[in-house]
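Shall we read a model together, one feature at a time? Bring your questions about helix packing and strand pairing.

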Amino acid sequence: DLIEIRRQRNEFADRQYRLETGLKGRFDARSGALTRIEGLFAEPSDGSVSVLLDRFFNSFSDLSNNPEDRGAKVAVQAAGRALASGIQNLDRRLSDYRTALNAEINLNLSEANRLAGEIATLNGEIATRTNTGINPNDLLDRRDQLADQLAGLVGATVINQSDGSVSLRIGGTSIVDGTHVTNLELATRGQNDPVGAPILYSNGS
């Protein structure tokens with residue numbers, strides 16, 4: 001007869017898996033953002049800023065060789081307007097991408113906060129079951145699954161506590177401690193911020 005089901009987990013393997021998952025998620029996100037930004041610059045192409053800049057300086061060179069040539073003067077003006085327009089278009093594309101990127105980050109943070117909240121709830125439920133002698137294996141499995149997801153999403157580090165709960169940290173800052181959650185938020189400092197604002201940690205529940 002079946003008497004007991006025991007969980008077999010390797011804490012070292014779990015820790016390494018979550019570390020590698022977090023690093024992969026970080027590098028994938030960075031690579032995707034840089035690839036997108038590189039595409040916005042559209043280098044080299046006929047309308048790229050570097051090409052427009054070359055044309056602008058070349059027009060000045062032509063004018064210096066023919067200072068009285070009206071056509072050369074007109075060419076400098078046209079090249080200057082084209083360069084200004086190209087820079088403005090690039091600035092607009094970067095601003096649009098910044099908005100889209102921050103929206104994507106906010107979605108990820110909302111999901112991370114949801115996962116952290118569920119893990120904190122499971123910490124409490126696991127403690128209750130353990131204290132009443134009820135096997136919490138199904139809850140432990142669910143918590144491990146959520147911790148894996150959170151590690152991949154925001155690079156959270158999972159720390160097993162002696163009371164059976166887990167704590168989660170990001171860069172040394174606790175986001176789950178027992179049943180307490182510190183929610184993640186996106187910092188906004190104005191339109192002059194670079195693409196992608198830093199993450200802040202807010203008071204939780």
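The dialogue below goes through helix packing, one residue and the strands of this predicted model.

Q: How do I begin to describe a pair of packed helices?

A: Two numbers do the job: packed helices are described by the angle between their axes and the distance between those axes. Take helix α1 (residues 11–41) here, which packs with α3 at an angle of about 155°, the axes being 10 Å apart. Angles over 145 degrees count as roughly antiparallel, so α1 is roughly antiparallel to α3.

Q: What is the handedness of the crossing of α1 and α3, and which residues meet there?

A: The crossing is right-handed. On the α1 side you will find Gly32, Ala33, Arg36, Ile37, Leu40 and Phe41, and these meet Leu90, Arg93, Leu94 and Tyr97 of α3. Sorted by class, this contact has seven nonpolar, one polar and two charged residues.

Q: At what angle does α2 pack with α3?

A: Helix α2 (residues 49–65) makes an angle of about 160° with α3, and their axes lie 9 Å apart. That makes α2 roughly antiparallel to α3. The handedness of this crossing is left-handed. Many residues take part: among those of α2 are Leu52, Leu53, Phe56 and Phe60, while α3 brings residues including Val76, Ala79, Leu83 and Leu90. The class count for the α2 contact with α3 is 14 nonpolar, three polar and three charged residues.

Q: Is alanine 84 buried, exposed or in between, and where is its place?

A: Alanine 84 belongs to helix α3 (residues 70–131). With a relative accessible area of 35%, alanine 84 is partly exposed. Its C-alpha atom is separated by 9.4 Å from that of leucine 53, 31 residues away along the chain.

Q: Let's turn to the strands. How should I read those?

A: Start with a general idea: in a regular strand the side chains alternate between the two faces of the sheet. Then look at the partners. Strand β1 (residues 157–160) runs antiparallel to β2, joined by four bridges, and valine 158 stands opposite leucine 168. β2 also pairs with strand β3 (residues 173–177) in the antiparallel sense, over four bridges; there arginine 169 has serine 174 as its bridge partner.

Q: How many residues lie between the strands of each hairpin?

A: Five residues lie between β1 and β2, and glycine 164 in that turn has a positive phi of about 95°. Between β2 and β3 there are two residues, with glycine 171 in the turn at a positive phi of about 55°.

Q: Why is β2 described as largely enclosed?

A: Four of the five residues of β2 (residues 166–170) are buried, so the rest of the structure largely encloses this strand.

How values were computed
Residues numbered from 1 in each chain as written. Predicted model: local features only at pLDDT ≥ 70, side-chain atom pairs only at ≥ 80, totals over all residues. Heavy atoms only, no water. Buried < 20%, exposed > 50% of the residue type's maximum accessible area, 1.4 Å probe, protein only. Axes fitted to C-alpha atoms, helices over the stretch in contact; angles between N-to-C directions. Parallel < 35°, antiparallel > 145°, perpendicular 65-115°, else oblique. Left-handed = near helix turned anticlockwise from the far one by under 90°. Contact = heavy atoms within 4.5 Å. Nonpolar A, V, L, I, M, F, W, Y, C, P; charged D, E, K, R; others polar. Pairing = 2+ DSSP bridges.
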